[in-house]
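Student: I've never looked at this one before. Could you walk me through it, one question at a time?

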Amino acid sequence: MKYGAVSVNLFKKILVDSDKRRLKSFKDADLHYRSKLDIPYLNDNNELHKFDIYYADENKRNDICIIDIHGGSYIFGSRKNQIFYQDVFLKEGFDFLFIDYRHNDGTIGVENQISD
């Protein structure tokens, strides 16, 4: 399915505004966990082909990792604006991995985006 550029831009604006409001309400999230950031999974220097890992406290760690592939209908978003989801899981002993992906600019179908 292809999205028209106007629809994509309108959807992006609505969702980006929503993210800004949500980030303000979670600005006090505990981000002091051990982490490895900006790890590339493709060797192409694309910021959207990276992931971050946050490690739970060693005393609570249960050797389970949650993988978060952010929403945004494949057209916007970033692993960096998902950061507030990690806090509750890290406190319970789960490691947390955030991954990014190439965005759809409205000119290709999702099936092509996934296979590219």
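Tutor: Sure, and let's start with a term: a polar contact is a pair of N or O atoms within 3.5 Å, where, within protein, one must be able to donate a hydrogen and the other to accept it, and residues adjacent in sequence count only if both atoms are side-chain atoms. Keep in mind too that this is a predicted model.

Student: Okay, with which side chain does the side chain of D52 make a polar contact?

Tutor: First find D52, which sits in strand β2. Among the residues D52 touches, leaving out those up to four places away in sequence, are K36, D38, R79 and F96. The polar contact of its side chain, at 3.0 Å, is with the side chain of R79.

Student: Is D52 buried or exposed?

Tutor: The cut-off to use is that buried means under 20% relative accessible area. D52 has a relative accessibility of 3%, so D52 counts as buried.

Student: Let's zoom out. In what order do the strands of the open sheet come?

Tutor: There are 4 strands in this sheet, and their pairing is mixed. At the edges, pairing on one side only, are β1 (34–40) and β3 (65–69). From one strand to the next, the twist averages 15°. Reading across, the order is β1-β2-β4-β3.

Student: Which residue in β4 is the bridge partner of Y54?

Tutor: Strand β2 covers residues 50–55 and strand β4 covers residues 95–99. The two run antiparallel, with 4 bridges joining them. In β4, the partner of Y54 is F96.

Student: How many residues make up the largest nonpolar core?

Tutor: Y54 and F96 turn up again here, along with Y33, A56, I83, L90 and F98. One of these, A56, touches R61, L90, G93, F94 and D95, not counting residues up to four places away in sequence. The number of residues in this core is 7.

Student: Now the charged residues. With which residue does R79 form a salt bridge?

Tutor: R79 is in the loop between β3 and α2 (86–91), and its partner is in strand β1, so the pair ties together parts that are 41 residues apart in sequence. R79 is buried, with a relative accessible area of 1%, while the partner is partly exposed at 34%. The closest N and O atoms are 2.4 Å apart, and the partner is D38.

Student: Which residues are joined with D38 into one network of salt bridges?

Tutor: The structure holds 8 salt bridges. Some of them share partners, and that sharing is what builds the network. Joined with D38 are E47, K50, D52, R79 and D100.

Student: You mentioned D100. How far is its C-alpha atom from that of I69?

Tutor: D100 is found in the loop between β4 and α3 (110–115). With a relative accessibility of 2%, D100 counts as buried, and among the residues it touches are Y41, H70, G77 and R79. D100 and I69 are 31 residues apart along the chain, and their C-alpha atoms are separated by 6.7 Å.

Student: How many residues apart in sequence are the parts tied together by E58 and R34?

Tutor: The side chains of E58 and R34 meet in a salt bridge, 3.2 Å from N to O. E58 lies in the loop between β2 and β3 and R34 in strand β1, so the parts tied together are 24 residues apart in sequence.

Student: Which other side chain, at 3.5 Å from N to O, meets that of E58 in a salt bridge?

Tutor: Start with E58, which counts as exposed at 52% relative accessibility. This second partner is partly exposed, with a relative accessible area of 29%. The residue is R61.

Student: One last thing: what is the phi of D63, about how many degrees?

Tutor: Most residues other than glycine have a negative phi. D63 goes against that with a positive phi, although it is not a glycine. D63 lies in the loop between β2 and β3 and counts as exposed at 68% relative accessibility. Its phi is about 60°.

Student: And where is N45, which also has a positive phi?

Tutor: N45 has a positive phi of about 60° without being a glycine. At 78% relative accessibility, N45 counts as exposed. Its place is in the loop between β1 and β2.

Methods
Residues are numbered from 1 along each chain as its sequence is written. This is a predicted model: local features need pLDDT of at least 70, side-chain atom pairs count only at pLDDT 80 or more; totals for chains, interfaces and linings use all residues. Side-chain values use heavy atoms; hydrogens and water are left out. Two strands pair if DSSP finds at least two bridges between them. Axes are lines fitted to C-alpha atoms, for helices over the stretch in contact, and angles run from 0 to 180 degrees between N-to-C directions. Buried means under 20% relative accessible area, exposed over 50%, partly exposed in between (1.4 Å probe, protein chains only). Contact means heavy atoms within 4.5 Å. A salt bridge is a side-chain nitrogen of Lys or Arg within 4 Å of a carboxyl oxygen of Asp or Glu. A nonpolar core is a set of buried Ala, Val, Leu, Ile, Met, Phe, Trp, Tyr and Cys residues joined through side-chain atoms within 4.5 Å.
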